[in-house]
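Let's take a friendly walk through a small piece of protein architecture. Have a look at the display first, and then we will go from the whole chain down to single side chains.

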Amino acid sequence: MERRAIKKRLQYIKNAQKEHIACLANIASEIKQMRTASEKSQRIADALMTIAMTLQLSVELIEKTLEEL
């Protein structure tokens with residue numbers, strides 16, 4: 001596979017992950033703001049934010065890889 005095709009795929013993955021991060025963060029924020037959210041719901045919101053942070057690390061790794069290509 002040529003370098004340009006690899007860059008294009010990585011860029012697509014990076015953009016998709018950024019969208020997923022935004023969605024997860026929004027859902028977690030909505031849960032956190034609910035006055036009636038149970039403790040279990042709060043833990044779910046924390047888990048969603050952890051997933052979002054993990055995806056962010058992946059995005060940063062992809063960006064570094066794109067710079068090196």
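Of the 69 residues in this chain, 22% are buried. Please keep in mind as you read that this is a predicted model. The chain exposes about 5,500 Å², and 56% of that area is supplied by carbon and sulfur atoms.

What kinds of secondary structure does the chain contain? There are two helices and zero strands. Its radius of gyration is 16 Å, whereas the globule rule gives 11 Å for 69 residues, so the chain is more spread out than a compact globule. You can see this in the outline too: along the principal axes, the C-alpha atoms fill a box of roughly 55 × 15 × 15 Å.

Helix α1 covers residues 3-33 and helix α2 covers residues 39-68. If we take the contacts with a separation of 6 or more, 66% of them are between residues 24 or more positions apart.

**Two distances to try on screen**

Pick Arg-4, which sits in helix α1. Arg-4 is exposed, because its relative accessible area of 67% is over the 50% cut-off. Along the chain, Arg-4 and Leu-69 are 65 residues apart, but their C-alpha atoms are separated by 8.9 Å.

Now try Thr-50, a residue of helix α2. With a relative accessibility of 44%, Thr-50 counts as partly exposed. How far apart in space are the C-alpha atoms of Thr-50 and Leu-61? The answer is 17 Å, for two residues that are eleven places apart in sequence.

Arg-43 also belongs to helix α2, and at 48% relative accessibility Arg-43 is partly exposed. Arg-43 and Lys-32 are eleven residues apart in sequence as well, yet here the C-alpha atoms lie 9.5 Å from each other.

**Charges and salt bridges**

Next, the charged side chains. The chain carries 12 positive and 9 negative ones, and the centres of the two sets are 4 Å apart. Side chains of opposite charge can pair when their charged atoms come close. How many salt bridges does the structure hold? It holds four, and the table shows three pairs from among them.

| Positive partner | Negative partner | N to O distance |
|---|---|---|
| Lys-14 | Glu-63 | 3.8 Å |
| Lys-18 | Glu-63 | 3.6 Å |
| Lys-32 | Asp-46 | 2.7 Å |

Let's begin with the pair of Lys-14 and Glu-63, whose side chains meet in a salt bridge. This pair links distant parts of the chain: Lys-14 is in helix α1 and Glu-63 in helix α2, 49 residues apart. Is Lys-14 buried or exposed? Lys-14 is buried, because its relative accessible area of 10% is under the 20% cut-off. Glu-63, at 27%, is partly exposed, because that value falls between the 20% and 50% cut-offs.

Which residues touch Lys-14, if we leave aside its neighbours within four places in sequence? Lys-14 is in contact with Val-59, Ile-62 and Glu-63. Glu-63 therefore appears twice in the account of Lys-14: as a contact and as a salt-bridge partner.

Glu-63 has another partner, for it also forms a salt bridge with Lys-18. This second pair again links distant parts of the chain, with Glu-63 in helix α2 and Lys-18 in helix α1, 45 residues apart. Lys-18 is partly exposed, with a relative accessibility of 38%.

The remaining pair in the table joins Lys-32 and Asp-46. Lys-32 belongs to helix α1 and Asp-46 to helix α2, and 14 residues separate them along the chain. Both are partly exposed: Lys-32 has a relative accessible area of 39%, and Asp-46 has one of 38%.

Which residues do shared salt-bridge partners join into one network? The network consists of Lys-14, Lys-18 and Glu-63.

**Looking back**

To recap, this predicted model has two helices and zero strands. Salt bridges such as the one between Lys-32 and Asp-46 link helix α1 with helix α2. When you return to the display, find Glu-63 and trace its salt bridges to Lys-14 and to Lys-18.

Conventions: Residues numbered from 1 in each chain as written. Predicted model: local features only at pLDDT ≥ 70, side-chain atom pairs only at ≥ 80, totals over all residues. Heavy atoms only, no water. Helix = DSSP H or I, 4+ residues; strand = E, 2+ residues; numbered from the N terminus. Rg over C-alpha atoms; globule rule 2.2 N^0.38 Å. Buried < 20%, exposed > 50% of the residue type's maximum accessible area, 1.4 Å probe, protein only. Contact = heavy atoms within 4.5 Å. Areas by Shrake-Rupley, 256 points an atom, 1.4 Å probe, with all protein chains shown as cover. Lys, Arg positive; Asp, Glu negative; His and termini not counted. Charge placed at Lys NZ, Arg CZ, Asp CG, Glu CD.
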